[in-house]
Amino acid sequence: MRASEWADLVEIRADYIRNLDIRRLLREKPCPIIFTLRGRSEGGVFSGPEKSRLEILLRAAEEGADYVDVEFSAFWKAITDRVPGDRVILSYHDLVTTPQSLETTLDAMSLTDAGILKIATRARSLSDNLRIAKLLEYAKGRRRNVIALAMGREGIPSRILGPYWGSWATFSSLPGGEPTADGQVPADEMVHRYRVRQIGAETRLYGVLGRPLGHSLSPQIHNAAFAEREMNAVYLPLEASGLDDFLEFHERHPFEGASVTIPFKEEAYQNAHSLSVSAEETGAVNTLLRKEAGWHGENTDIDAFLGPLRRIRHLARIRAVVLGSGGAARAVVYALRSQAASVCVVARNAGKARRLASRFQAEYGRWEELHQMRWDVLVNATPVGMYPQVDESPVPPEWLNGELVYDLIYNPTQTRLLKDAVVRGCKTISGVEMFLGQASRQQQLWLGFPGPEDVMRAALEQALTK
Ligand code: NAP
């Protein structure tokens, strides 16, 4: 059983097993086993009669399963009458929401003979994690063994912080396998990336705030940096419903700092207590740093964008064309203008290109005119060519007639655009450099020293290979 490599306890979701042979399954268990046979109404796939389901659970208990999981909505007495209470996990699932009154549900479950009570709800916001924390606090006062977690991407903090909050266990998926519930983090990542077993009262909290966050590789690289330095810190994915949602969570479980990504960069700018010059000028905050007076907003994208470019050439009076008119384009245009470069913004929406250009005294042009433009540096600040559309490029190869092409995309590291640029004899810079640079600068702001770029690079490469 591969899962025991990372886990202390393995749950067998028997509803996913065809031709179930319980005796064989439990014969050589390398660690304690929870046996679960979930029906459809509780999010599982078992579709046989309820009576057989309960009989199979009893069989599993007889054959040596250390724990059997039976739902509070089922005829649980059939199990608690025959299996010792300390081997029964009584579970309650709300697949739609995280209700306010979880304590009432727990009280009702406490009246049974089950020794372990499990409540799993569906998070809709980051603050739903707080209800889980509150429930665990309540359970501690009553000396009950309780597993509590919130499903969904918004609920990931409850899975990672749950054991520290007092949850008897937390659930993760088998590395390389399919999760059995939404929001499960693979077991190897729980152990090595988030270092779940080490999280305690002294652990400093950081995270990336955004929605959706599925694409973010920031937890990989920041946690790798913390682990390398043996810091008692964890960096969480924080899929929030808004900045207020994050602030509410922060009030109960304070963060030292946070990265901010789409769509919260402007909201973070508006709510920061103080701002760096680059954040002020771009109207966007990608880094929050907790200070005594309140949140300080920074924008590390600017220096991170300029760093690799400056290593290749002087920027004063160069001619740059920037493709796109979104958040990244704004940071790039500001960065280039701050170096006295002349900039032309080209975007599919001419109105947006014009507005961005006029904000930073740049020019703007149309996509169709691109082939006639002369440039030293061409920057792609659109997502064209990003995984999974890796064969796309925003510009035909024959239009690549300048000195250097800089693609902000970091997945893949070598985009179609960059490959074409190499063939056309241009120098190239991949978005990987900016991505690592902005993260390293965030660590500098939070900790006082830059992130170890080699460690962060290796973590990023590993994540991209996956
Ligand atoms: P954004 O705010 O959504 O802006 C995207 C821009 O690209 C918009 O101007 C959009 O035009 C344009 N666009 C989208 N699809 C297009 C298409 N098919 N053809 C032409 N234009 C298109 O996103 P962002 O935050 O600026 O990010 C843009 C890219 O930069 C992403 O790939 C992101 O991963 C990358 N990035 C990298 C880093 C790094 O550290 N390396 C940092 C930030 C961003 P409309 O306005 O008309 O939709």
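1. A good place to start is the gap between two domains: the centres of domain 2 and domain 3, taken over C-alpha atoms, are 25 Å apart. Keep in mind as you read that this is a predicted model. The domain assignment splits the protein chain into domain 1 (2-171), domain 2 (206-299 + 442-465) and domain 3 (302-429). Notice that domain 2 is written as two segments, 206-299 and 442-465. As for how domain 2 and domain 3 touch, eleven residues of domain 2 are in contact with nine residues of domain 3.

2. Next, have a look at the sheet that includes S7 and S9. It is an open sheet of six strands, and reading across you get S8-S7-S9-S11-S12-S10, with mixed pairing. Its edges are strand S8 (233-239) and strand S10 (274-275), each of which pairs on one side only. Inside the sheet, strand S7 (residues 204-210) runs parallel to strand S9 (residues 255-260), and five bridges link the pair. If you want one bridge to find by eye, try Tyr206, whose partner in S9 is Gly257.

3. Two helices are worth picking out against that sheet. Helix H6 (residues 156-165) packs on the sheet and touches S7 and S8, with its direction at about 150 degrees to that of S8. Helix H9 (residues 243-252) lies across S7, S8, S9, strand S11 (287-291) and strand S12 (294-298). Relative to S9, H9 runs at about 160 degrees.

4. Now for the other sheet. Here six strands make an open sheet in the order S15-S14-S13-S16-S17-S18, and the pairing is parallel. Strand S15 (363-365) and strand S18 (427-430) are the edge strands, pairing on one side only. From one strand to the next, the twist averages 20 degrees. For a closer look, strand S16 (residues 377-380) and strand S17 (residues 404-407) run parallel and are joined by four bridges. Val377 has Leu404 in S17 as its bridge partner.

5. This sheet has helices on it too. Helix H12 (residues 301-312) packs on the sheet, where it touches S16, S17 and S18, and its direction makes about 160 degrees with that of S17. H16 lies across S17 and S18 and runs at about 40 degrees to S18.

6. H16 is worth following further, to its meeting with H17. Helix H16 (residues 431-447) packs against H17 at an angle of about 130 degrees, and the two axes are 10 Å apart. At that angle, H16 counts as oblique to H17. The crossing of H16 past H17 is right-handed. On the H16 side the contact is made by Val432, Glu433, Phe435, Leu436, Gly437, Ala439, Ser440 and Gln443, and on the H17 side by Glu453, Met456, Arg457 and Leu460. Sorted by type, the residues of this contact of H16 with H17 are six nonpolar, three polar and three charged.

7. H17 also packs against H8. Helix H8 (residues 218-228) and helix H17 (residues 453-465) meet at an angle of about 135 degrees, with 8 Å between their axes. That angle makes H8 oblique to H17. H8 and H17 cross in a right-handed way. From H8 come Gln220, Ile221, His222, Ala224, Ala225 and Glu228, which meet Val455, Met456, Ala459, Leu460 and Ala463 in H17. The contact of H8 with H17 is made up of eight nonpolar residues, two polar ones and one charged one. Met456 and Leu460 are worth clicking on, as they appear in the contact with H8 and also in the contact with H16.

8. Finally, some backbone details to check. Most residues other than glycine have a negative phi, and most peptide bonds are trans. Which residues are joined by a cis peptide bond in the loop between S16 and S17? Tyr387 and Pro388 are, with omega at about 5 degrees, and Pro388 sits in that loop. Asn411 and Pro412 are also joined by a cis peptide bond, again with omega of about 5 degrees. Pro412 is found in the loop between S17 and helix H15 (416-423). Then there is Arg143, a residue other than glycine with a positive phi, near 55 degrees. You will find Arg143 in the loop between helix H5 (128-141) and strand S6 (145-151).

Definitions and conventions
Residues numbered from 1 in each chain as written. Predicted model: local features only at pLDDT ≥ 70, side-chain atom pairs only at ≥ 80, totals over all residues. Heavy atoms only, no water. Axes fitted to C-alpha atoms, helices over the stretch in contact; angles between N-to-C directions. Parallel < 35°, antiparallel > 145°, perpendicular 65-115°, else oblique. Left-handed = near helix turned anticlockwise from the far one by under 90°. Contact = heavy atoms within 4.5 Å. Nonpolar A, V, L, I, M, F, W, Y, C, P; charged D, E, K, R; others polar. Pairing = 2+ DSSP bridges. Domains from an automatic or database assignment.
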